[in-house]
Amino acid sequence: MTSNPVRSPTIKMLSGGEEGLQYMNYQILWADDEIDLLKPYIMFLTQKGYDVTPVNSGVDALEEIEKGKFDVVFLDENMPGMTGLEVLPQIKQMKPNLPVIMITKSEEEQIMESAIGSKIADYLIKPLNPNQILLSVKRILDKKRLEEEKTNITYQQEFRQLAMQYQDNINHAEWSEIYKKLIFWELEIDRTENKSMAEILNMQKSEANSNFSRFIEENYEDWLNDPKADKPTLSHQLMRKKVFPLLKDDSPLFFLLIDNLRFDQWKILEGLIQDYFSVEEESTYFSILPTTTAYARNAIFSGLMPSEIQKQYPKNWVDDVGDSEDEEGFNKHEEFFFQEQLRRSRLNIKSSYNKIIHNNQGKSLVDNFSKLLQNQLNVIVYNFVDMLSHARTDMAMIKELAPDESGYRSLTASWFNHSPLFDLLKKIAAKKGRLIITTDHGMIRVQNPSKIVGDRSVNTNLRYKQGRNLNWDSNDHILVCKNPDKFMLPKVNVSTTYVFTMEDYFFAYPNNYNHYVSHYRNTFQHGGVSLEECIIPFVYLTAK
């Protein structure tokens with residue numbers, strides 16, 4: 001692989017990564033009937049840059065909160081008149097988000113539980129220690145700033161190491177690890193308040209994607225045709241290599257395929273289900289090309305590459321050509337392909353196949369959950385994420401809700417939190433079932449257009465095209481397959497060619513070009529070559 005030097009703009013920007021971090025002058029209210037004895041602690045906090053307002057009763061504390069603005073309250077639990085525990089709910093009614101640190105001489109479990117149940121921010125026991133107080137304040141008030149500083153510094157330390165890694169001649173496993181590291185830092189930076197390193201990370205991801213595309217261009221054909229090639233698990237091998245071996249266990253196995261689920265989206269879902277499942281294996285596999293439902297998902301369930309499906313089951317293969325936008329039209333035979341793969345693998349097991357396209361179908365599956373427990377393997381395909389990504393192209397409201405990767409992750413989490421799917425996973429966990437979460441391909445937010453010309457028979461996907469009369473811009477961002485046999489892809493006719501956009505490019509027709517580009521730029525698409533589309537999660541979980 002040809003090495004490209006790290007771009008100097010990225011290095012230059014790295015030096016300015018701390019801009020935007022500001023130190024605030026925080027206001028503290030301290031309520032204690034022995035407040036005069038606490039002057040040394042108040043002076044200590046003042047010297048550290050905090051403004052402290054002292055009061056000696058709960059009533060005074062409520063009055064100050066009503067008329068002033070405070071960032072945190074120190075509240076003595078055992079004050080005469082109104083105790084701290086009596087004042088606490090009134091504070092929460094007035095200012096629900098105002099952090100309260102409860103201070104007490106008592107270590108009684110009942111008092112601790114009552115305070116924690118009232119959503120206190122921290123719990124300190126007298127005699128107090130100045131550093132203990134400072135740590136509590138910083139944990140509450142300076143947490144975001146300190147975390148952002150630490151995140152930025154640590155990312156800067158790893159930045160150069162990552163850049164050197166993806167410019168070496170590395171293999172598929174190393175690319176998977178680099179992608180997971182980039183996702184880790186993307187999520188860490190996304191959690192910071194100012195996101196001051198986000199632009200630098202995006203540039204690094206773009207550089208990584210450029211090198212990864214060259215890697216796929218140089219190796220993909222060998223993966224499919226050279227038995228000795230060092231290759232990852234691909235879509236058509238997923239069931240045989242990763243799923244069927246898990247059927248040796250007696251407990252029911254649920255294979256959940258959430259279409260279009262990227263690795264970063266999985267990491268968000270992981271945080272939502274961690275109370276119910278333990279992760280036994282978190283790995284990745286590679287989607288075949290094109291990275292679309294029609295090809296990758298059919299390959300998963302059939303255990304065959306697309307050209308093999310077309311040859312063995314010509315009546316069940318639907319060519320991805322013409323004007324149809326309905327991807328599910330190409331996947332009408334998934335259950336048939338799945339049963340055929342079981343038969344070829346000589347697996348005489350009880351199984352089910354369930355495809356969820358509408359919310360009511362999800363609710364029905366939850367209602368009939370007990371029937372699934374009778375099967376050794378339950379396949380569940382959830383199409384919501386794919387529907388959402390395509391809806392985003394045309395719906396202005398969805399575009400506003402998910403303007404970027406961060407917004408898209410947030411939207412995915414919101415859907416999952418309120419979906420029948422989450423209810424189903426809770427039921428699986430309650431019955432000690434085992435769960436696989438995976439997908440058929442990922443997606444990428446496209447930015448750059450690439451002109452292409454084709455006739456009416458050319459497919460509508462923005463990230464790849466197939467046809468016999470294709471003319472495209474000659475550039476370094478397109479992967480060309482003039483012999484579909486080498487990629488194990490069907491040929492509609494003798495002169496069929498496949499072309500794939502790489503990185504964040506998308507195809508646009510010259511007719512009405514500016515409108516077309518404006519409409520589709522900054523939308524999430526799939527079908528081409530990128531880290532996000534090709535390297536996708538495979539996660540095996542057991543109930544807690």
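This short presentation describes the cores, one helix pair and one loop residue of a predicted model.

Good morning, colleagues. I shall begin with the interior. The largest nonpolar core of this predicted model holds 105 residues. Within this core, the residues that touch the most other members are W175, F255, F301, L377 and F500. Helix α9, which spans residues 198-225, supplies nine residues, the largest share of this core. Another core lies apart from it and has 21 residues, including W30, Y41, F74 and I133.

I turn now to helix α9 and its partner, helix α7, which covers residues 143-165. How do these two helices pack? Their axes come within 11 Å and cross at roughly 15 degrees. Angles under 35 degrees count as roughly parallel, and α7 and α9 are therefore roughly parallel to each other. The crossing of α7 past α9 is left-handed.

Which residues form this contact? From α7 come Y155, F159, L162 and A163, and they meet I200, L201 and Q204 of α9. By character, the residues of this contact divide into six nonpolar and one polar, with no charged residue.

Finally, I would draw attention to Q237, in the loop between α9 and α10, the latter being residues 238-243. Is this glutamine buried or exposed? Its relative accessibility is 10%; buried means under 20%, so Q237 counts as buried. Leaving aside residues up to four places away in sequence, Q237 touches P232 and K242.

That concludes my remarks. Thank you.

Terms used. Residues are numbered from 1 along each chain as its sequence is written. This is a predicted model: local features need pLDDT of at least 70, side-chain atom pairs count only at pLDDT 80 or more; totals for chains, interfaces and linings use all residues. Side-chain values use heavy atoms; hydrogens and water are left out. A nonpolar core is a set of buried Ala, Val, Leu, Ile, Met, Phe, Trp, Tyr and Cys residues joined through side-chain atoms within 4.5 Å. Buried means under 20% relative accessible area, exposed over 50%, partly exposed in between (1.4 Å probe, protein chains only). Helices (H or I, at least four residues) and strands (E, at least two) are DSSP runs, numbered from the N terminus. Axes are lines fitted to C-alpha atoms, for helices over the stretch in contact, and angles run from 0 to 180 degrees between N-to-C directions. Angles under 35 degrees count as roughly parallel, over 145 as roughly antiparallel, 65 to 115 as roughly perpendicular and the rest as oblique. A crossing is left-handed if the near helix is turned anticlockwise from the far one by less than a right angle, and right-handed if clockwise. Contact means heavy atoms within 4.5 Å. Ala, Val, Leu, Ile, Met, Phe, Trp, Tyr, Cys and Pro count as nonpolar, Asp, Glu, Lys and Arg as charged, and the others, Gly among them, as polar.
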